[in-house]
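Trainee: I've just opened this one and could use a guided tour. Can we go through it with some questions?

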Amino acid sequence: KLYFWNGVCVPEKWIMKKSEITKKEIISEQNAEKRRVLREILGAKNYYDIISDGKGLTLLDEDTDSKGFQMRLYETTIADEIVSKKVQFLECVCPSTERVYNIYPPSQKCRNVFEAKADTFGMKEQEFKPVLES
């Protein structure tokens, strides 16, 4: 049997027994794309709860985009082992596919969802005024 998540081959357990996935399994996964997929499978909150021994995420801000989709700016409650600091990410929905994405603002110093979204485009919050998002 082979198991796939959006075209990425994953272990059977990730699909059939995802509630049994452990911190050790997540951390030992060396393939970055598979880790990203696992975060999608588990959901960001559950993923970070597992790898932080239940300490999870802090919700910094939430609002809706121009299409009415929820956006949430999170920060990890503990330092990421790879970069040795807390990590911010914006959970948002692609307006054309309705797929949920976790995007990481380059500055990692955002105060709200709009600032975080603008930062991913290399802009300041007041500069980011898209007419149409797709």
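Mentor: Sure, we'll take the sheet, then the helices, then one lysine, keeping in mind that this is a predicted model.

Trainee: Let's start with the sheet. In what order do the four strands come?

Mentor: The sheet is an open one, and its pairing is antiparallel. Its edges are strand 3 (57-64) and strand 6 (100-103), each of which pairs on one side only. From one strand to the next, the twist averages 20°. Reading across, the order is 3-4-5-6.

Trainee: Which residue in strand 5 is the bridge partner of Tyr74?

Mentor: Look at strand 4 (residues 70-76) and strand 5 (residues 88-93), which run antiparallel and are joined by four bridges. The partner of Tyr74 in strand 5 is Phe89.

Trainee: And on the strand 6 side, what stands opposite Glu91?

Mentor: Strand 5 also pairs with strand 6, again in the antiparallel sense and over four bridges. In the hairpin of these two strands there are six residues between them, and Glu98 takes a positive phi near 60° there. Opposite Glu91, in strand 6, you'll find Asn102.

Trainee: How many residues of strand 5 are buried?

Mentor: In a regular strand, side chains alternate between the two faces of the sheet. Here Gln88, Leu90 and Cys92 point one way, while Phe89, Glu91 and Val93 point the other way, and all are buried. So the strand is mostly covered, and the count of buried residues, with buried meaning under 20% relative accessible area, is six of six.

Trainee: On to the helices. At what angle does helix 4 run to strand 3?

Mentor: Helix 4 lies across strand 3, strand 4, strand 5 and strand 6. Helix 5 packs on the sheet too, touching those four strands, with its direction at about 85° to that of strand 4. For helix 4 and strand 3, the angle is about 170°.

Trainee: Within what arc do the buried residues of helix 4 fall?

Mentor: The buried ones in helix 4 are Ala44, Tyr47, Tyr48, Ile50 and Ile51. Their cover includes helix 2 (23-28), helix 3 and strands from the sheet, strand 3 among them. Seen down the helix axis, these buried residues line one face, because they fall within an arc of 155°.

Trainee: Helix 3 and helix 4 pack together; are they roughly parallel or roughly perpendicular?

Mentor: Helix 3 (residues 32-42) and helix 4 (residues 44-51) pack at about 115°, with their axes 6 Å apart. Angles of 65 to 115 degrees count as roughly perpendicular, so helix 3 is to helix 4 roughly perpendicular.

Trainee: How many charged residues does that contact have?

Mentor: Helix 3 brings Arg35, Leu38, Arg39 and Leu42, and helix 4 brings Ala44, Asn46, Tyr47, Tyr48 and Ile50. By class, six are nonpolar and one is polar, and the number of charged residues is two.

Trainee: Last one: is Lys117 buried or exposed?

Mentor: Lys117 sits in helix 5 (residues 113-120). Leaving aside neighbours within four places in sequence, Lys117 is in contact with Asp65, Met71, Leu90, Phe128 and Glu133. Its relative accessibility is 8%, so Lys117 counts as buried.

Definitions and conventions
Residues numbered from 1 in each chain as written. Predicted model: local features only at pLDDT ≥ 70, side-chain atom pairs only at ≥ 80, totals over all residues. Heavy atoms only, no water. Axes fitted to C-alpha atoms, helices over the stretch in contact; angles between N-to-C directions. Parallel < 35°, antiparallel > 145°, perpendicular 65-115°, else oblique. Contact = heavy atoms within 4.5 Å. Nonpolar A, V, L, I, M, F, W, Y, C, P; charged D, E, K, R; others polar. Buried < 20%, exposed > 50% of the residue type's maximum accessible area, 1.4 Å probe, protein only. Pairing = 2+ DSSP bridges. Arc of directions from axis to C-beta.
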